[in-house]
Amino acid sequence: MVKFEEVLAKVKQFHPNDDLEVLKEAYRFSADQHKGQHRESGEPFLNHPVAVANILADMRLDSSCVSVGLLHDVVEDTVIPLKKIEQHFGKDIANIINGLTKIRKFHIDSKEAEQAENFRRMFLAMVDDIRVVLVKLADRLHNMRTLKFLPPERRTRIAQETLDIYAPIAHRLGMGKIRGELEDLAFITLSPESYFQIEKEVKEKRKIRKKFLNDTKEKLIKKCKQHKISCTVESRIKRTYSIYQKVKNQKIPVEQVYDLLAIRIITASVDDCYVVLGIIHNLWQPVPGRIKDYIALPRPNMYQSIHTSVIEKRGQPFEVQIRTNEMHRVAEEGIAAHWKYKLGQKTDKNDDQRFLWLRHLVEWHQEVNDPSDFLRALKVDLYPEEVYTFSPKGKVVALPRQATPVDFAYAIHSEVGDSCVGAKVNGRIVSLKSQLKNGDIVEIQTQRGQFPNRDWLSFVKTYRARNRIKHYLNVNQKKKAIELGRRILEKEARRYKINIKKYIEDGSLLNVAQEFNCAKMEDLYVALGFGRVFGRTLLSKVLSPEELKDRFSEKTGFLSSTVKKVFRRPLQDTLKVKNIDDILVSRAKCCNPIKGEEIVGYLTRGKGVAVHATRCTNVGNLLYNADRKVDVLWTGINEGLYGVKLSISVDDRRGMLAEITSQISKIKTNIKDIEAQSFEDNRGLINVTIEVDDIKHLEKTIKSIKMIKNINEIVWQ
């Protein structure tokens with residue numbers, strides 16, 4: 001347990017001129033307001049804000065920011081209003097706390113919408129004062145350290161959110177230490193079997209590896225002294241989650257991870273960094289294509305260092321990182337190391353390029369209203385940018401891995417992206433969906449009158465490109481829907497000999513339109529065009545009861561039976577549209593959602609509502625038009641069994657197939673089909689198709705299989 005005196009001592013050490021009275025007052029105030037409150041572990045709640053303040057003090061942040069760590073839960077978890085915080089501690093501290101305080105739950109319709117709005121608020125607050133997110137990261141880090149005391153469902157949700165959002169934020173801010181710990185803590189919660197398997201493999205040769213690193217350090221220190229290079233040499237074994245990512249993505253054993261072992265050399269100057277690089281390449285054989293100069297081309301998160309992978313004469317690969325003292329401080333602490341924020345000053349939006357990505361992110365997401373779309377796009381934007389490309393004039397454009405020429409075009413300018421017709425990479429014509437690599441020189445070919453293509457949504461990687469393409473398609477689709485809706489209404493009116501123009505001109509049709517949440521006639525035409533409103537239903541609300549009786553008496557019988565025939569929901573269907581009856585609902589064949597999992601409906605033309613699982617890769621491309629998204633629900637009716645294919649990656653050993661089939665049978669799950677493959681690297685892949693009742697049955701089956709030794713990964717479809 002951290003004591004407040006420790007926090008006070010750290011702030012005094014790093015900021016001897018700060019007013020420590022405000023820190024003491026913040027501690028007293030927090031202790032008073034949280035008196036009697038306890039955490040899930042049973043310990044006093046005050047331990048949490050003190051621990052958060054200690055993390056902030058370790059970042060060498062000022063007394064104001066550390067005070068926020070002590071006060072950050074007061075407004076949210078007690079009856080104290082923000083105004084009282086401002087009166088006691090000033091506007092600066094109150095503003096940071098306001099940026100941290102979550103929205104009240106009763107204002108929001110769903111948990112997803114609440115989560116999206118909280119992140120939106122946090123990012124907006126970050127633009128004005130980066131200390132908001134520094135406190136939030138410290139808060140999340142301590143919560144992750146004490147996660148074991150929460151119920152399993154909450155643990156999983158918080159860990160996944162940490163891996164998806166908070167760890168990438170720490171990375172984008174260059175905070176390597178916090179990012180690494182957040183990832184490992186989330187990993188051990190989400191995949192304990194994989195975590196301990198990696199840990200076991202690393203531990204088996206830890207002594208040998210440590211001896212190798214110590215010997216290598218001594219050799220380097222000796223060589224640097226000979227060249228009169230003043231430096232500090234450190235070593236490390238790669239973090240567990242990072243090893244897992246390499247093993248999983250590259251499908252290699254732990255021993256083949258090039259940067260599993262790393263030596264870090266911290267020098268006095270940039271010139272010394274390049275001299276050391278030469279020394280290293282004279283000592284050991286460099287691995288071709290593994291030299292990265294982040295000093296000449298810094299990462300967007302301010303990270304600077306030279307990376308090179310070399311192989312020792314006995315075949316042991318390892319990575320060497322070379323940087324100056326200042327670069328090392330920024331690599332470890334990121335934005336917290338920057339002097340502006342250590343003094344509590346705010347971002348200068350005019351000249352600080354470090355926050356260009358953040359301002360762009362906020363701007364691009366301001367117009368995204370759908371919570372699921374916002375969260376999905378946010379996760380994409382937070383991934384590290386690792387591909388550095390160039391325009392023909394030498395402008396550096398940083399893009400995510402697997403980015404395409406279309407992403408490059410939109411990064412240059414929206415109009416360049418919209419009118420893109422082709423691309424040249426390094427002087428050669430390439431496909432617009434080809435993936436760009438580090439150092440590529442990209443030339444975009446444009447043509448007046450060209451517009452974005454819907455197919456681009458299937459391969460673009462940046463949210464900026466995706467947003468612009470969706471915007472164009474939305475506008476285009478809306479125009480088509482308006483025209484189609486107008487024709488549908490006119491056709492239906494002619495069928496019943498109704499002068500629809502009269503009802504439009506006198507405003508009665510617009511009054512009816514408001515019953516369908518349509519503020520103007522254009523909105524009504526869109527609803528008709530997309531099939532959310534039927535022409536007959538609309539006309540039945542426009543006419544008087546007498547007219548309704550006369551005009552519909554002969555037609556209703558035929559029309560009613562036709563509507564029921566086309567749009568009636570099958571009696572045994574497990575799906576329905578929220579608040580709408582008598583509409584055809586079907587499970588999309590691309591993902592075949594299983595009862596109980598998260599789903600989304602997509603309104604098709606003439607075929608009712610297609611229901612996709614939110615995990616479906618097609619969802620992002622289909623739902624570019626928010627008007628066609630509908631809320632769908634699982635009913636209590638059980639349709640039967642669902643066929644699910646599991647792809648199980650394993651370490652190949654005798655009896656593995658028998659153990660898997662036995663484990664599946666134990667929990668009374670039927671196996672429809674099974675096949676196995678072996679590979680040269682002692683790995684195997686087992687594909688098994690099973691039948692399950694719902695998503696809980698599937699999760700139980702997967703959990704049961706994961707209990708088997710040497711299971712690496714299970715993917716289902």
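Colleague: Which residues bring helix H22 and helix H25 together?

Modeller: From H22, Gln-477, Lys-478, Ala-481, Ile-482, Leu-484, Gly-485, Arg-486, Ile-488 and Leu-489 meet Glu-522, Asp-523, Tyr-525, Val-526, Leu-528, Gly-529 and Phe-530 of H25. Contact here means heavy atoms within 4.5 Å. This is a predicted model, in which local features need pLDDT of at least 70 and side-chain atom pairs count only at pLDDT 80 or more, while totals for chains, interfaces and linings use all residues. Residues are numbered from 1 along each chain as its sequence is written, and side-chain values use heavy atoms, with hydrogens and water left out.

Colleague: How do you sort the residues of that contact by class?

Modeller: The contact of H22 with H25 has 9 nonpolar, 3 polar and 4 charged residues. Ala, Val, Leu, Ile, Met, Phe, Trp, Tyr, Cys and Pro count as nonpolar, Asp, Glu, Lys and Arg as charged, and the others, Gly among them, as polar.

Colleague: Why are H22 and H25 called roughly perpendicular?

Modeller: They pack at an angle of about 85 degrees, with axes 7 Å apart. Angles of 65 to 115 degrees count as roughly perpendicular, under 35 as roughly parallel, over 145 as roughly antiparallel and the rest as oblique. The pair is therefore roughly perpendicular. The axes are lines fitted to C-alpha atoms, for helices over the stretch in contact, and angles run from 0 to 180 degrees between N-to-C directions.

Colleague: What makes H25 a mostly covered helix?

Modeller: H25 spans residues 521–530, and 8 of its 10 residues are buried. Buried means under 20% relative accessible area, against over 50% for exposed and partly exposed in between (1.4 Å probe, protein chains only). The buried residues are Met-521, Leu-524, Tyr-525, Val-526, Ala-527, Leu-528, Gly-529 and Phe-530. Their cover includes helices H22 (463–495), H23 (500–505), H24 (508–513) and H26 (535–542), and strand E14 (599–603).

Colleague: What makes H2 and H4 roughly parallel?

Modeller: The axes of H2 (residues 21–33) and H4 (residues 63–71) cross at roughly 5 degrees and come within 9 Å. That angle is under 35 degrees, so H2 is roughly parallel to H4. Val-22, Leu-23, Ala-26, Tyr-27, Phe-29 and Ser-30 of H2 meet Ser-63, Val-66, Ser-67, Leu-70 and Leu-71 of H4. By class, this contact has 8 nonpolar, 3 polar and no charged residues.

Colleague: How do you know that E9 pairs with E11 and with E10?

Modeller: Two strands pair if DSSP finds at least two bridges between them. Strand E9 (residues 420–425) has 5 bridges to E11 (residues 442–446) and 3 to E10 (residues 428–430), both in the antiparallel sense. Ala-423 of E9 has Ile-444 as its bridge partner in E11 and Val-430 in E10. E9 and E10 form a hairpin with 2 residues between them, and Asn-426 in the turn has a positive phi of about 55 degrees.

Colleague: Why do E10 and E11 count as edge strands?

Modeller: The order in this open sheet of 3 strands is E10-E9-E11. E10 and E11 each have a single partner strand, so one side of each lacks a neighbour in the sheet. The twist from one strand to the next averages 35 degrees. Helix H20 (residues 405–412) lies across E9, E10 and E11, at about 80 degrees to E11.

Colleague: Why is Arg-683 called buried?

Modeller: Its relative accessible area is 16%, which is below the buried limit. Arg-683 lies in strand E20 (residues 683–692). Not counting residues up to four places away in sequence, Arg-683 touches Val-247, Ile-252, Pro-253, Val-650, Asp-651, Asp-652, Gln-677, Ser-678 and Asn-712.

Colleague: And why does Met-302 count as buried?

Modeller: Met-302 has 16% relative accessibility, so it meets that limit. This residue is in the loop between E4 (292–293) and E5 (306–311).

Colleague: How many helices and strands does the protein have, and what makes a run count as one?

Modeller: There are 31 helices and 21 strands. Helices (H or I, at least four residues) and strands (E, at least two) are DSSP runs, numbered from the N terminus. Of the 717 residues, 48% count as buried.

Colleague: Where is the pLDDT below 50?

Modeller: Residues 339–351 and 553–572 have pLDDT below 50. The pLDDT is the predictor's confidence in each residue, from 0 to 100. The protein averages 82, and 84% of the residues score at least 70.
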